[in-house]
Amino acid sequence: MSGVTLKVLHGADRGKVFANLTPPFTVGREEINDIQLNDERVSRCHFKIQRDNDRLVLTDLDSTNGTKVNGVEYPLKILRSGDLISVGRSLMLVGSEEEIAARLKALNPDNPTMAREMSSSESSVAVELSQEKSPFQMEMASGREVPQIPDNLSPGQKAQLCEILDYLQHRLCKLVETATIEDASQTVTLKLSAWQRLLGVQTRLSQMHRQIADPDWDGNVED
C-alpha cells in the first residue's frame with residue numbers, strides 16, 4: 001500500500017510536499033509531530049491520520065480551532081485523494097497528482113462504477129469531478145503547459161514577482177476556503193460575494209497582463 005502525500009497550499013509552510021508518509025502520523029505545531037507546521041493557530045498536536053483497513057482516517061486531537069475537510073469541520077473523517085484539510089492558517093491537499101487523476105477517472109459519469117461511487121455519502125473530492133482527465137492532464141492536452149519562472153531576474157524583480165504570486169495565492173486561497181462541496185451532486189458552490197471576488201481577481205490579472213504587454217497603457221479606454 002502506497003504512502004500518503006500532503007501538499008501545503010497556503011500558510012507559512014506553503015510549497016512543502018510531504019510524500020510517502022506512513023500512517024499513523026500526527027500533524028501539529030510542536031516538534032514531536034511527524035509533520036510540524038509553523039502556524040500559531042495550529043495546536044501542539046492538531047490531528048492524526050491513520051489507516052483502517054483500506055481507508056484513510058483523519059482524527060482531530062481535540063484541537064483548539066478544529067480541523068476542516070473540504071470546508072466542513074470534522075472530529076473524524078475518511079480522507080480521499082483531492083480532499084482539502086484546513087487547520088489554522090494552513091491549507092493542505094491530500095494525494096499526489098497521479099492519485100488525484102485516478103480518483104477523477106473513477107468518478108467519470110461514463111464509467112459503469114460511477115453510480116455506486118456517487119451513491120456513497122462519503123464520496124468527496126476538492127477538484128473538478130466531471131472530467132475524465134485530471135486538471136494536470138487537461139492542462140497538457142490543451143497545449144497550455146505550466147509557465148516557467150523567468151531566468152536571470154534581479155533581486156528587485158524577484159521580490160516583485162513574489163509579491164504578485166503572494167497576492168494571487170492569498171486571494172485564491174480565500175475563495176477555496178469559502179467553497180461548499182456537495183457530495184451527493186458532486187458540485188462545488190461559491191457564495192455570490194466570493195464569485196465577485198474571483199471576477200475581481202480575473203479583472204486584475206487581465207489588467208496586469210495588459211500593463212506588461214503595453215507599458216504605456218494607463219487603464220483607460222476611449223471611445
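**Exercise 1. Classify Leu199 by accessibility, and place Leu199 in its helix and surface patch.**

Step 1. Leu199 has a relative accessibility of 30% and therefore counts as partly exposed. The classes are buried (under 20% relative accessible area), exposed (over 50%) and partly exposed in between, with a 1.4 Å probe and protein chains only. The areas come from the Shrake-Rupley method with a 1.4 Å probe, and for residues only the protein chains shown count as cover.

Step 2. The model is predicted: local features need pLDDT of at least 70, side-chain atom pairs count only at pLDDT 80 or more, and totals for chains, interfaces and linings use all residues. Residues are numbered from 1 along each chain as its sequence is written, and side-chain values use heavy atoms, with hydrogens and water left out.

Step 3. Leu199 lies in helix α5, residues 192-213. Helices (H or I, at least four residues) and strands (E, at least two) are DSSP runs, numbered from the N terminus.

Step 4. Together with Leu190, Leu192 and Trp195, Leu199 makes a nonpolar surface patch of about 370 Å². Patches are made of residues with over 30% relative accessible area and no salt bridge; like charges are joined within 9 Å, and nonpolar side chains (Val, Leu, Ile, Met, Phe, Trp, Tyr) within 5 Å.

**Exercise 2. Which residues of α1 are buried, and which are exposed on the other side?**

Step 1. Helix α1 spans residues 97-106, and its buried residues are Ile100, Ala101, Arg103 and Leu104. These residues lie on the same side of α1 because they cover an arc of only 160° around the axis. The arc is that of the directions from the helix axis to the C-beta atoms.

Step 2. Glu98 and Lys105 are exposed on the other side of α1.

Step 3. Ser96 sits in the loop between β11 (90-94) and α1. With 17% relative accessibility, Ser96 counts as buried. Leaving out residues up to four places away in sequence, Ser96 touches Thr5 and Lys7, where contact means heavy atoms within 4.5 Å.

**Exercise 3. Trace the pairing of β6 with β5 and with β9.**

Step 1. Strands of a sheet pair through backbone hydrogen bonds, either parallel or antiparallel. Here two strands pair if DSSP finds at least two bridges between them.

Step 2. β5 (residues 47-52) and β6 run antiparallel and are joined by six bridges. Phe47 has Asp60 of β6 as its bridge partner. The two strands form a hairpin with two residues between them, and Asn53 in the turn has a positive phi of about 60°.

Step 3. Strand β9 (residues 76-79) pairs with β6 over four bridges, also in the antiparallel sense. In this pair, Thr59 has Leu76 of β9 as its bridge partner.

Step 4. β6 covers residues 55-60 and is mostly covered, with five of its six residues buried.

**Exercise 4. Which strands stand at the edges of the open sheet of six strands?**

Step 1. The strand order is β2-β1-β11-β10-β7-β8, with antiparallel pairing. The edges are β2 and β8 (72-73); each has a single partner strand, so one side of each lacks a neighbour in the sheet.

Step 2. β1 (residues 4-10) and β2 (residues 17-21) pair over three bridges in the antiparallel sense. Opposite Leu6 is Phe18 of β2, and opposite Lys7 is Val17 of β2.

Step 3. The hairpin of β1 and β2 has six residues between the strands, and Gly11 takes a positive phi near 115°.

**Exercise 5. How many salt bridges does the whole structure hold? Examine the pairs of Asp13, Glu30 and Arg89.**

Step 1. Side chains of opposite charge can pair when their charged atoms come close. The criterion is a side-chain nitrogen of Lys or Arg within 4 Å of a carboxyl oxygen of Asp or Glu. The search finds four salt bridges.

Step 2. Asp13 pairs with Lys16, with the closest N and O atoms 3.2 Å apart. Asp13 is buried at 5%, whereas Lys16 is partly exposed at 41%.

Step 3. Glu30 pairs with Arg29, and the closest N and O atoms are 3.9 Å apart. Glu30 is partly exposed at 32%, and Arg29 is partly exposed at 30%.

Step 4. Arg89 pairs with Glu40, the closest N and O atoms being 2.3 Å apart. This pair links distant parts of the chain, 49 residues apart: Arg89 is in the loop between β10 (84-87) and β11, and Glu40 is in the loop between β4 (35-36) and β5. Arg89 is partly exposed at 38%, while Glu40 is exposed at 56%.
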